[in-house]
Amino acid sequence: MKFKSVIMLVNDTLENRIISLISENPSVTQKSISEKLKVSLVSVKRTMKKLTDSKIISRKNGKRNGYWIVVNLFN
């Protein structure tokens, strides 16, 4: 079992599920995250803003052709 999977089992929050999806597919969109996790798009945007402000995730190469990276899991 991968380390991030252990983290997910211990603390299954929306933030951790979003980080997991980004780890699996860095070009995932907020809309597809919303659909996969069955939560509102507004919740996903708010949570991702919080993760970005906390420097846990980051967006590279802009909105259209960009991708997400997980910068720091242990902030």
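**View 1. A salt bridge within helix α4.** Being 4 residues apart in helix α4, a helix here being a DSSP run of H or I with at least four residues, numbered from the N terminus, lysine 49 and aspartate 53 are separated by about one helical turn. Their side chains meet in a salt bridge (3.0 Å, N to O), a term that requires a side-chain nitrogen of Lys or Arg within 4 Å of a carboxyl oxygen of Asp or Glu. Aspartate 53 is partly exposed, with a relative accessible area of 49%, where buried means under 20%, exposed over 50% and partly exposed in between (1.4 Å probe, protein chains only). The model is predicted, so local features need pLDDT of at least 70 and side-chain atom pairs count only at pLDDT 80 or more, while totals for chains, interfaces and linings use all residues. Residues are numbered from 1 along each chain as its sequence is written, and side-chain values use heavy atoms, with hydrogens and water left out.

**View 2. A salt bridge between two helices.** Lysine 50 forms a salt bridge with glutamate 15, their closest N and O atoms lying 2.7 Å apart. Because lysine 50 lies in helix α4 and glutamate 15 in helix α2, the pair ties together parts that are 35 residues apart in sequence. Lysine 50 is partly exposed at 48% relative accessibility, and glutamate 15 is partly exposed at 25%.

**View 3. The contacts of methionine 48.** Leaving aside its neighbours within four places in sequence, methionine 48 is in contact (heavy atoms within 4.5 Å) with Ile18, Ile22, Gln30, Ile33, Ile57 and Trp68.
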